[in-house]
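Ready for some practice? Work through the exercises below at your own pace, and try each task before reading its solution.

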Amino acid sequence: MSGAATLLRDVFGFDGFRPGQQEIVEAVTAGENTLSIMPTGGGKSLCFQMPALLRDGVTVVISPLIALMRDQVRALQELGVGAGALTSGNTPEETDAVWEGLEAGTLKLLYMAPERLAAGSVTGMLKRVGVSLIAVDEAHCVSQWGHDFRPDYLRIGELRRTLDVPLAAFTATADTETQAEIVQKLFDGVPPRAFLRGFDRPNIHLAFAAKNGPRAQILNFASGRRGQSGIVYCGTRAKTEGLAKALRDDGHLALHYHGGMEADDRRTAERRFQQEDGLIVVATVAFGMGIDKPDIRWVAHADLPKSIEAYYQEIGRAGRDGAPAETLTLFGPDDIRLRRSQIDEGLAPPERRVADHARLNALLGLAEALACRRANLLKYFDETDVTCGNCDLCDTPVEVFDGTTAVRKALSAMLRTEEWFGAGHLIDILLGNETDKIRERGHSDLPTYGVGKEYDKREWQAVFRQMMGHDLVRPDAARHGALRMTDAALPILRGEASISLRRDSIRAAASQRRPAVKAMVSDEDAPLLSALKAKRRGLAEAAKVPAYIIFNDRTLIEMAEKRPDTLDAMARIGGVGAKKLENFGDAFLEVINGAAAEMHPTRRKLAGRAAGSVFDQLREVQTTLSRGADGGEKPLSCSTSLLAKVAQLHAPNLDAIERILGEKRTERFGPAFLDVLQQAG
Ligand code: ADP
Ligand code: ZN
């Protein structure tokens with residue numbers, strides 16, 4: 001496979017294969033039928049792109065989304081690879097170019113939407129141009145029971161039979177039913193060679209937090225990540241609009257997105273997100289399927305997802321380029337109630353509902369986990385050999401206490417009131433509060449009245465939330481959400497089992513820490529990284545392509561850290577292949593070598609001081625917001641000396657910033673600048 005190693009280095013610019021890639025590339029190149037199951041971001045495109053280059057003839061790639069195809073084609077062309085797409089979005093010139101490439105034999109990869117297969121003439125055409133391999137992306141779209149079913153995918157089996165060439169199928173969906181369906185529909189039931197790659201995404205930091213002023217929690221999280229692309233998932237359409245506005249008011253670039261929007265508006269939002277650097281999209285789960293942006297740096301859930309699979313898929317959109325990415329998932333009793341009632345009131349048959357409750361339970365177990373989230377998450381996918389150190393519970397282990405007595409008191413309060421009440425009233429009973437409801441119902445006569453005074457209201461709320469999380473109690477829709485005990489609670493009630501609860505979610509409920517900002521590089525390299533990003537942004541805008549098509553974040557981080565000073569050294573950076581070296585090598589070398597020499601005199605004065613790095617962050621924020629939070633306003637910027645003054649403010653507040661920048665600039669940049677200053681000091 002030395003040919004493959006050279007290609008990997010020279011064309012794709014990668015140092016080595018990611019785990020699992022090499023075996024797949026070898027099998028596909030050798031002409032075996034294959035089914036590869038790889039997590040999103042695992043690098044599956046390479047597994048058909050390399051074989052396409054190593055084999056004679058043309059590889060047809062069937063993919064469900066036009067936008068993604070166009071992106072991949074552009075990225076391949078940027079690498080100097082002959083690739084084209086036949087889609088309904090083509091201009092006549094693009095289509096002509098594809099035909100010319102096919103005739104001249106220079107086209108190695110032909111991307112096609114499955115709908116194209118409906119035209120009878122297509123198969124003949126593919127036969128004529130010498131197709132020697134079929135690659136199927138998102139192969140789970142053949143599954144009739146899955147949520148992404150595409151009827152035209154059913155034509156692929158026929159195509160394989162007619163062309164009689166090997167087929168390489170790829171998907172990120174793990175469940176065995178879907179796999180069986182893929183084998184049936186694409187391979188006529190003859191099992192292909194299967195590759196199952198692990199589900200760990202080690203570069204994604206996992207974190208959960210109990211809701212406590214959720215809007216502020218999200219704003220906090222976002223403010224620690226200014227200028228980075230992110231997604232906030234919300235449970236309702238209305239919430240996406242409100243939260244997007246709140247983020248804009250806080251000085252971010254933010255858009256909302258949901259299934260109720262006009263198709264045009266949705267496409268615009270998708271395109272802007274794909275194209276622009278540092279945009280936040282606040283969306284319902286409708287946002288995602290069409291998104292193939294490798295440099296999404298964070299994903300936050302303003303509401304709990306519906307199942308552990310949904311959670312995995314949604315956070316999995318972050319950090320596909322392998323660079324560090326962060327997630328935060330908020331959850332509270334209302335989420336649990338909502339998700340339970342959605343299952344109970346849904347139209348699914350009873351056994352399906354039981355399974356859905358179990359999938360929700362798995363997610364709640366993750367939310368209330370007592371140790372490493374990653375170990376807990378991967379256990380669900382049957383992976384037990386896990387190293388982490390990259391989740392909130394590995395960062396700060398939780399304190400656990402024996403919650404058996406508390407849980408028994410809570411259960412007792414429930415049972416003595418015949419399971420007709422919600423947590424609020426039950427807590428009043430436990431605390432011995434004298435409310436009207438207690439008086440009316442005579443609940444002060446209960447033996448459990450006032451037996452829970454060792455905890456306050458917030459602490460009891462955390463106990464009830466964890467009881468719901470452990471599925472000891474469930475809200476009953478038929479009783480207006482009153483809590484009812486499940487069989488899982490019986491051993492605890494009878495004194496046959498004990499239960500550990502997290503202390504931190506009780507205490508953290510009271511005090512919120514501001515999230516620490518995770519820097520992508522050391523302080524020393526940060527200014528160079530932002531200069532490299534600025535160069536990338538300029539080149540991307542000029543070429544009208546997304547920034548990552550030029551170089552992805554990981555490549556820029558490596559440049560900032562290794563500081564190559566010649567084209568040779570530059571060629572050794574991951575992601576810098578021959579074509580990109582030729583096109584962009586000099587431009588980025590100039591930034592690296594010129595960074596020290598050309599430092600603005602005002603900035604140079606700050607070199608080596610804390611204000612220096614603050615200055616660089618301010619400048620980056622300024623670039624992001626130069627056209628306003630929605631990107632459509634008149635460009636505005638601050639001079640270097642103004643920025644230096646702001647960077648050196650001792651007691652930063654908006655008034656002080658306004659005294660330096662004046663009203664207009666403060667309106668645009670003030671809150672974002674203040675954030676940078678407060679995080680720094
Ligand atoms: P997916 O499996 O989700 O389709 P992609 O094929 O889009 O993933 O790859 C995700 C990212 O990983 C891309 O940015 C790609 O350039 C990068 N990548 C793929 N293979 C390698 C490799 N061997 N070394 C470094 N980066 C890689
Ligand atoms: Zn961990």
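A polar contact is a pair of N or O atoms within 3.5 Å. Keep that cut-off in mind, and remember that you are looking at a predicted model.

**Exercise 1. Explore the surroundings of ligand 1.**
Find out which residues are closest to ligand 1, and look for polar contacts with Gln21, Gly43 and Ser45.

*Solution.*
- Step 1: Start with the shell. Ligand 1 is surrounded by 15 residues, and the closest are Gly16, Gly41, Lys44, Ser45 and Arg320.
- Step 2: Sort the shell by class. Around ligand 1 there are eight polar, four nonpolar and three charged residues.
- Step 3: Check the contacts. The side chain of Gln21 has an N or O atom 2.9 Å from a nitrogen atom of ligand 1. For Gly43, a polar backbone atom is 3.0 Å from an oxygen atom of the ligand. In Ser45, a polar side-chain atom lies 2.4 Å from an oxygen atom of ligand 1.
- Step 4: Look at the cover. Ligand 1 taken alone exposes 570 Å², and 85% of that is buried by the protein.

**Exercise 2. Describe the zinc site.**
Which protein atoms are the donors of the zinc ion (ligand 2), and how are the donor residues spaced in sequence?

*Solution.*
- Step 1: Name the donors. They are the SG atoms of Cys372, Cys388, Cys391 and Cys394, lying 2.3 to 2.4 Å from the zinc ion.
- Step 2: Judge the geometry. Four donors count as tetrahedral if all angles lie between 85 and 135 degrees. Here the angles among the four donor atoms are 99 to 116°, so the site is tetrahedral.
- Step 3: Read the spacing, which is C-x15-C-x2-C-x2-C.
- Step 4: Place two of the donors along the chain. Cys372 is in the loop between α14 (350-367) and α15 (373-380), while Cys394 belongs to helix α16 (residues 392-395); the pair is 22 residues apart and links distant parts of the chain.
- Step 5: Compare their accessibility. Cys372 has a relative accessible area of 15% and is buried, whereas Cys394, at 33%, counts as partly exposed.

**Exercise 3. Examine two positive phi angles.**
Where do Lys544 and Arg563 lie?

*Solution.*
- Step 1: Take Lys544. This residue is not a glycine, yet its phi is positive, near 55°. Lys544 lies in the loop between α23 (526-543) and α24 (547-550), and is exposed, with a relative accessible area of 65%.
- Step 2: Turn to Arg563. This residue, also not a glycine, has a positive phi of about 45°. Arg563 sits in the loop between α25 (553-562) and α26 (567-571), and at 38% relative accessibility Arg563 counts as partly exposed.

Technical notes: Residues numbered from 1 in each chain as written. Chains lettered and ligands numbered in written order. Predicted model: local features only at pLDDT ≥ 70, side-chain atom pairs only at ≥ 80, totals over all residues. Heavy atoms only, no water. Near = heavy atom within 4 Å. Polar contact = N/O pair within 3.5 Å; in protein donor to acceptor, adjacent residues only side chain to side chain. Areas by Shrake-Rupley, 256 points an atom, 1.4 Å probe, with all protein chains shown as cover. Nonpolar A, V, L, I, M, F, W, Y, C, P; charged D, E, K, R; others polar. Donors = N, O, S within 2.8 Å, 3.2 Å for Na, K, Ca; no water. Tetrahedral: all angles 85-135°; square planar, octahedral: opposite > 155°, others 65-115°. Helix = DSSP H or I, 4+ residues; strand = E, 2+ residues; numbered from the N terminus. Buried < 20%, exposed > 50% of the residue type's maximum accessible area, 1.4 Å probe, protein only.
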